[in-house]
Amino acid sequence: MVTRRMMLASPLILSTSAFGKTKAPENAYLYIIWPTDGSHIKGAFWCRFGLRGMGVTHAGDTTANTGHHHLLIDVDEPLEPNVPIPSDKKHLHFGAGQTEARIDLPPGPHTLQLVLGDADHIPFDPPVVSKKLHIIVS
Amino acid sequence: MEDITRRLAAIVIADIVGYSRLMSADERGTHQRVQRLLRELIEPTIAEHRGRLVKQHGDGFLSMFDSPVEAVRCAIVIQQSMVSRNLELPNEQAIRFRIGVNLGDVIVEADDIYGEGVNVAARLEQLAEPGYIYISGGIYEQVRYKLVCGFQSLGDRRVKNISDPVPTYRVLPDPTSVNNATTGRKKLWYGLAAAGVTSFGIAFATGSFWHPGWLSSAITAVAPPPSVAPKPLAVTDKPVSPPDKPVPPPDGDRPAAADHVLEAAVIPVRPQIEPPPVASPPVKPVAPPTVAAAITEPDMVPIPGGHFLMGSNGDLSEQPIHGVTVRPFLLAKYPITVRQWQDCTRAKACVYLPKGDDDAPVTNVSWDDAHQFITWLSQATHRPYRLPTEAEWEYAARGGTETRYWWGNTMKPGFAVCKGCGNAMTPTKVGIGPPNPFGLYDMSGGVAEWVEDCWVKDYRGAPTDGSARRSATCEEHVLRGGSWNNDQDDIRSASRDYYNASVRYPTHGIRVARSP
């Protein structure tokens, strides 16, 4: 953990967030509109993202109180607060400001969770994170 | 009946700068010196390189060679030898050649050769500065990987009475020899010979082969970077070369060609002081504005064409495994570095201001940024750089292997930088692990590399001819190789990732390609 923080607290990270997190309003609320917790789903589905108290923008935009969505699929590791949200098959980025996504998962139980990232894909302070949903895909 | 013999030949034309001035100052002495030069240097050197002296005239000669490599070597030997000979002469007696070399079809007669190939060589010779060799694109393509020296692109030059512009290159000594010139006099051309061009037939006299035209510009050169660095149009026949840096061009007093140089490929000499951190205005180059310098052009590795099985069963996105035929192409040996990107930023052709060490791979670039870079690089060098296609990338990454990684099926310490490789860290330089079978570095891990293709979730319907997958509505493009912040599974040769084309992310970088 220490290693990773050292690694990512490098000059690579934009100045806006290299030494501090971007503030989010206390009333910001991130949630998954659909599917709902406990859903049984057949095949691919549209996952829809909801945000209150803040605005959705594209990555790179430093306008106050705006961010962009990241959908975490089957991620169990705790969120690291000061580093860019990883980008891989379990961390989907929506840097163009998308508010929904077509998700195609293999059959079985899965979890879904949204995290709002700032201009540099780093979680806000306090973190704007949705409840983690459990779904079953068949 | 007329019997015309045509053949392809490398033509070397040289003439003596200021011959009439030399003659008017000392007709008899000049004639004797030139005759002696021909007898002692020119004729034996041409013979040594298996060329033919077609004809000689008062102020120069015309020769032809079967081999472009031998032709250029011969020209280099002559120029080197002239430098040492002139050191012994008072300046007003110094004899300096301009040399042009071209590859072309010629009509051969008993005592002369004719044709456009000869005319182009003559024009190149006229463009060249005293003491220099200019070669055409045709020659360059033949010799670039076979000679230890630098080639500075001067762009496409229009030459008199020739309809098409001629891609023109200035032959430079090995760039590393220029580094040392910072400390004073330097045996520049000598350094070139010592660096490994072994077939030079001339035994060099001891003493300095310093070419006065080189030094003043070489003084502005900066110390070489500590590690692997981009090469300025330099080629070598050794797989690993000493650190390089931009080759400063010859200094100011050049013929009218100088203007063209500036509008052609080259840009100002790299500043001695690196640009301050982001968001500051670009640093003014140290070099005088009239002095152009070589772009730190990427070191390109020729990738032979071939057929391979693309994809794997490792992930749904990598299926179905399908056969792809890839044509020969060139791929950069390393990802583009911060230093190379800064040339584009400085030219105001790239919006993105990179951060990190000069020799680190550039990061946090979007696919759109990457296209700005390759557009600029192509214009600046007059060479069609592009992103590799996804098929080309995987073919190159595999280097003929079918395993998870090019070195096998399991991670090996020190072979890649990734989360879970035991060394997750922001790369501070390129060329970290060993090269793959094609001689490419950092294909696995490090920075994820943009390719041209539009992202499609699997390979159903993917092209099999090595071309890029495109789509009219394409917002996401493919990234390959995984990054320092990915798991081992995401840095396999077949692993695929994607991202929005306009969005920057800290682990994304680029590697450039071009067709031969």
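1. Let's start with chain A. In this predicted model, chain A holds two helices and nine strands. Reading along the sequence, you meet both helices before any strand, in the pattern α-α-β-β-β-β-β-β-β-β-β.

2. Chain A has 138 residues, and 33% of them count as buried. Take its contacts between residues at least 6 apart in sequence: 70% of these join residues at least 24 apart.

3. Now to chain B, which has 12 helices and 19 strands. Of its 516 residues, 55% count as buried. For contacts between residues at least 6 apart in sequence, the share in chain B that joins residues at least 24 apart is 70%.

4. A good place to look inside chain B is the largest nonpolar core, with 59 residues. The residues with the most contacts inside this core are L331(B), F373(B), I510(B) and V512(B). Which helix gives the largest share of the core? That is helix α11 of chain B, residues 367-381, with seven residues.

5. V512(B) is worth selecting in your viewer. Leaving aside residues up to four places away in sequence, V512(B) touches P298(B), A332(B), I336(B), I374(B), L377(B), Y385(B) and L387(B). Apart from the core of 59 residues lies another core, of 53 residues, and its members include A14(B), A71(B), V106(B) and I133(B).

6. For a contrast with the cores, find A110(B) in the loop between β4 (97-109) and β5 (112-114) of chain B. Is A110(B) buried or exposed? A110(B) counts as exposed because it has 6 C-beta neighbours inside 10 Å. Along the sequence, A110(B) and V54(B) are 56 residues apart, while in space their C-alpha atoms are 8.6 Å apart.

7. Please keep the confidence values in view as you read chain B. The average pLDDT of chain B is 78, and 76% of the residues score at least 70. Over residues 175-188 of chain B, pLDDT stays under 50, and the model has 46 contacts beyond four places in sequence for this stretch. The pLDDT is also below 50 over residues 190-293 of chain B, a stretch with 241 contacts in the model beyond near neighbours in sequence.

8. Last, the scores for the model as a whole: ipTM is 0.84 and pTM is 0.56.

Notes
Residues are numbered from 1 along each chain as its sequence is written. Chains are lettered from A and ligands numbered from 1 in the order in which they are written. This is a predicted model: local features need pLDDT of at least 70, side-chain atom pairs count only at pLDDT 80 or more; totals for chains, interfaces and linings use all residues. A nonpolar core is a set of buried Ala, Val, Leu, Ile, Met, Phe, Trp, Tyr and Cys residues joined through C-beta atoms within 7 Å. A residue is buried if 20 or more other C-beta atoms lie within 10 Å of its own, exposed if 12 or fewer, and partly exposed in between; C-beta atoms are placed from the backbone. Helices (H or I, at least four residues) and strands (E, at least two) are DSSP runs, numbered from the N terminus. Two residues are in contact if their C-beta atoms, placed from the backbone, lie within 7 Å. pLDDT is the predictor's confidence in each residue, from 0 to 100.
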